[in-house]
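Thanks for sending this one over. Here are my notes, set out as numbered points so that you can follow them with the model open beside you.

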Amino acid sequence: MDLSPDAALVVIDVQQGFDDAAFWGRRDNPDAERNIGALVDAWRRTGRPVVVVQHASRTSPPLHAGTPGYDLKPVVADVEPALHVTKSVNSAFYGEPDLHAWLTGAGIRQLVLCGIQTNMCVETTARMAGNLGYDVLLPIDAAHTFDLAGPDGAVLSAEDLTRATATSLHGGGFARVVRAAEVVAAA
């Protein structure tokens, strides 16, 4: 795997509110936080930049700013990010401060994305990053999501949604879908 010496790790919405199973439902990938932690440790060890993204929801009570659910999970709570982005929509590129402007100013062209939810904010950020010309790596096992009901009431499992995200991003050329251990080994 080709990992740039200045590749930015973008940690998306790893917040306490996603532990509210009564609100979100069943999740996949119980190892997501451990794998996110391994990526964060690798970035700290190598001095590469870490971007922390935090969702200040207008609609999901567990993620409202000022509530305990808005707080970062322990695996990233003590990270000293090169940039901290706050957003209220799915894409980290529509937050404050401007992620794209910061990356461009820093000359960063490669992103490693991880976080919550795989098929929502992680996928949306990956699609935008790919469209903006970044080389995007998505360690799929450093993200998780929840079962989700469609318009007809049919529920897709979190595992199926993750598989669909991986297929769409990889097959569509938005990102290279990899495993966290591969990225850590390349760091």
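1. Among contacts in the protein chain between residues at least 6 apart in sequence, what percentage join residues at least 24 apart? The figure is 77%. Please keep in mind throughout that this is a predicted model.

2. On the overall build, the protein chain contains 10 strands and 7 helices. Its radius of gyration is 15 Å, close to the 16 Å that the globule rule gives for 187 residues, so the chain is as compact as a globular protein of that length. The C-alpha trace spans about 45 × 35 × 30 Å along its principal axes.

3. Next, surface and charge. Buried residues account for 49% of the 187 in the chain. The accessible surface is about 8,100 Å², and carbon and sulfur atoms contribute 55% of it. The chain carries 14 positive and 22 negative charges, and the mean positions of the two sets are 3 Å apart.

4. I would look at Asp 13 and Lys 87 together. Asp 13 sits in the loop between strand 1 (8-12) and helix 1 (21-24), while Lys 87 belongs to strand 3 (residues 83-87). Asp 13 is buried because its relative accessibility is 0%, below the 20% cut-off. Lys 87 is buried too, with a relative accessible area of 2%. Their side chains are joined by a polar contact of 2.8 Å. Beyond residues up to four places away in sequence, Lys 87 also touches others, including Val 53, His 55, Tyr 94 and Cys 121.

5. Asp 13 deserves a second look for its backbone: its phi is positive, about 55°, although Asp 13 is not a glycine. Asn 29, also not a glycine, has a positive phi of about 45°. Asn 29 is in the loop between helix 1 and helix 2 (32-46) and is buried at a relative accessible area of 18%. For context, most residues other than glycine have a negative phi.

6. A second lysine to inspect is Lys 73, in the loop between strand 2 (50-55) and helix 3 (74-77). Is Lys 73 buried or exposed? Lys 73 is buried, with a relative accessible area of 4%. A polar contact of 2.6 Å links its side chain to that of Asp 19. Leaving aside neighbours within four places in sequence, the contacts of Lys 73 include Arg 27, Glu 33, Ile 116 and His 144.

7. Ile 116 brings us to the cis peptide bonds. The bond from Ile 116 to Gln 117 is cis, with omega near -10°, and Gln 117 lies in the loop between strand 5 (110-116) and helix 5 (118-131). The bond from Glu 96 to Pro 97 is likewise cis, with omega near -10°. Pro 97 is in the loop between strand 4 (95-96) and helix 4 (99-106). As a reminder, most peptide bonds are trans.

8. Finally, Asp 141 occupies the loop between strand 6 (135-139) and strand 7 (143-144). Asp 141 is buried, at a relative accessible area of 12%. Which residues does Asp 141 contact, leaving aside its neighbours within four places in sequence? They are Asn 29, Asp 31, Ala 32, Asn 35, Val 178, Arg 179 and Ala 180. Asn 29 on that list is the residue with the positive phi of about 45°. The C-alpha atoms of Asp 141 and Ala 181 are 9.1 Å apart, with their positions 40 residues apart along the chain.

Technical notes:
Residues are numbered from 1 along each chain as its sequence is written. This is a predicted model: local features need pLDDT of at least 70, side-chain atom pairs count only at pLDDT 80 or more; totals for chains, interfaces and linings use all residues. Side-chain values use heavy atoms; hydrogens and water are left out. Helices (H or I, at least four residues) and strands (E, at least two) are DSSP runs, numbered from the N terminus. The radius of gyration is taken over C-alpha atoms; the globule rule is 2.2 Å times the number of residues to the power 0.38. Buried means under 20% relative accessible area, exposed over 50%, partly exposed in between (1.4 Å probe, protein chains only). Contact means heavy atoms within 4.5 Å. Accessible areas come from the Shrake-Rupley method with a 1.4 Å probe; for residues, only the protein chains shown count as cover. Lys and Arg count as positive and Asp and Glu as negative; His and the chain ends are not counted. The place of a charge is taken as NZ of Lys, CZ of Arg, CG of Asp or CD of Glu. A polar contact is a pair of N or O atoms within 3.5 Å; within protein, one must be able to donate a hydrogen and the other to accept it, and residues adjacent in sequence count only if both atoms are side-chain atoms.
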